[in-house]
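Please open the structure in a viewer and keep the selection tool at hand. The tour below proceeds from one selection to the next and states what is found at each stop.

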Amino acid sequence: VLRLAIRPAPPRPADIEKHSAVRVLFIGSVNHGGEFWSKGGMEVLESYRMLRKRYGEAVELNFRCWMPDEMVSRYGSEPGLRRIPGLLPKDGLDRLFFESDILLFPAHNTPGIAILEGMRFGLPVVAKDIWANREQVEDGVTGFLVPPSPSVPYYLPGDVPNWSMDSGPFLEHMVRMDERVVADLVGRLSEMVESAPLRTRMGSEGRRAVEEGRFSIRTRN
């Protein structure tokens, strides 16, 4: 297996402000528009709504993704939600990782590099246990994986992976919320919110895997 690899994170800017709330980060498409549903944007917003009810101001959400109008109406005024819908320069995206504490990425497909981006910045990851995610996230070590919804058909006829993003035959299933998946995400996120040592340990393991482990460029090469 020739694994994906990524460079270590750049130096942390000296002017990154400290924050008391635990900040959850969701990165959808790097483009402006599209890929909200396929990246699990609905599960992110509903999970955050439940976390905010449980922890109040102790938790915040950095949401770097386009959001459909109906989702803006439903969740856009949620306290502590920072919406970042437009494009960001590379250093701006880096700062977003530095300013966050947890990467939440419940996508319906395996990301190319998003999970490794979180790991290289020392963020523990919460994702779905689908496709190749378990090859990137070591459950209980660098983050947590939750089982996907059994109602979502993750293969097209002939076992062809569905990369149709927010369109095609997949969409009708992605717009339906699975309460069990959301509950699992909230449960795992709560463990991280309540334990700074857990976040630190998992984040450090992820960063080590990028800097000198199986996801380092040197090891890959």
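Begin by selecting strand E1, residues 22-27, in this predicted model. Of its 6 residues, 6 are buried, so E1 is largely enclosed by the rest of the structure. Display the side chains next: Val22, Val24 and Phe26 point one way from E1, whereas Arg23, Leu25 and Ile27 point the other way. All of these residues are buried, the term standing for a relative accessible area under 20%.

Keep E1 in view and add strand E2, residues 59-64. E1 and E2 pair in the parallel sense, over 6 bridges. Which residue of E2 stands opposite Arg23? Selecting Glu60 shows the residue in that place.

Now add strand E4, residues 102-105. E4 runs parallel to E1, and 2 bridges join the two strands. Ile102 in E4 is the bridge partner of Val24.

The view may now be widened to the whole sheet. Six strands form an open sheet, in the order E3-E2-E1-E4-E5-E6, with parallel pairing. At the edges stand E3 (81-83) and E6 (143-146); each has a single partner strand, so one side of each is left without a neighbour in the sheet. From one strand to the next, the twist averages 20 degrees.

To inspect one end of this order, select strand E5, residues 125-128, together with E6. These strands run parallel and are joined by 4 bridges. Here Val125 stands opposite Gly143 in E6.

Turn next to the helices that lie against the strands. Helix H1, residues 41-55, lies across E1, E2, E3, E4 and E5. Its direction is at about 165 degrees to E2. Helix H3 also packs on the sheet, where it touches E1, E2 and E3. The direction of H3 makes about 140 degrees with that of E1.

The following stops concern empty space. Rolling a probe the size of a water molecule over the atoms shows where such space is left.

For the largest pocket, select Ser100, Asp101, Gly122, Leu123 and Thr200, which lie nearest its centre among the 17 residues of the lining. Helix H3 (90-98) and helix H8 (196-211) are the elements that give two or more residues to this lining. H8 provides the largest share, 6 residues. The volume of the pocket is about 300 Å³. By character, its lining divides into 6 nonpolar, 6 polar and 5 charged residues.

How many cavities of 30 Å³ or more are there? The count comes to 1, and the volume of this largest cavity is about 70 Å³. To locate the largest cavity, select its lining residues, including Glu43, His108, Lys128, Tyr154, His173 and Asp178. The lining of the cavity divides into 5 nonpolar, 3 polar and 4 charged residues.

The last selection is Asp184, which is placed in helix H7, residues 179-194. Asp184 is partly exposed, with a relative accessible area of 26%. Leaving aside residues up to four places away in sequence, Asp184 touches Val146 and Pro147. Finally, draw a line from the C-alpha of Asp184 to that of Lys128: the two residues are 56 residues apart in sequence and 9.8 Å apart in space. Lys128 has appeared already on this tour, as one of the residues that line the largest cavity.

Conventions
Residues numbered from 1 in each chain as written. Predicted model: local features only at pLDDT ≥ 70, side-chain atom pairs only at ≥ 80, totals over all residues. Heavy atoms only, no water. 1 Å grid on protein atoms, 1.4 Å probe; cavity = no way out; pocket = protein on both sides within 12 Å on 5 of 7 lines; lining within 4 Å. Points joined across faces, edges and corners; volume = space filled by probe spheres on them. Nonpolar A, V, L, I, M, F, W, Y, C, P; charged D, E, K, R; others polar. Buried < 20%, exposed > 50% of the residue type's maximum accessible area, 1.4 Å probe, protein only. Contact = heavy atoms within 4.5 Å. Pairing = 2+ DSSP bridges. Axes fitted to C-alpha atoms, helices over the stretch in contact; angles between N-to-C directions.
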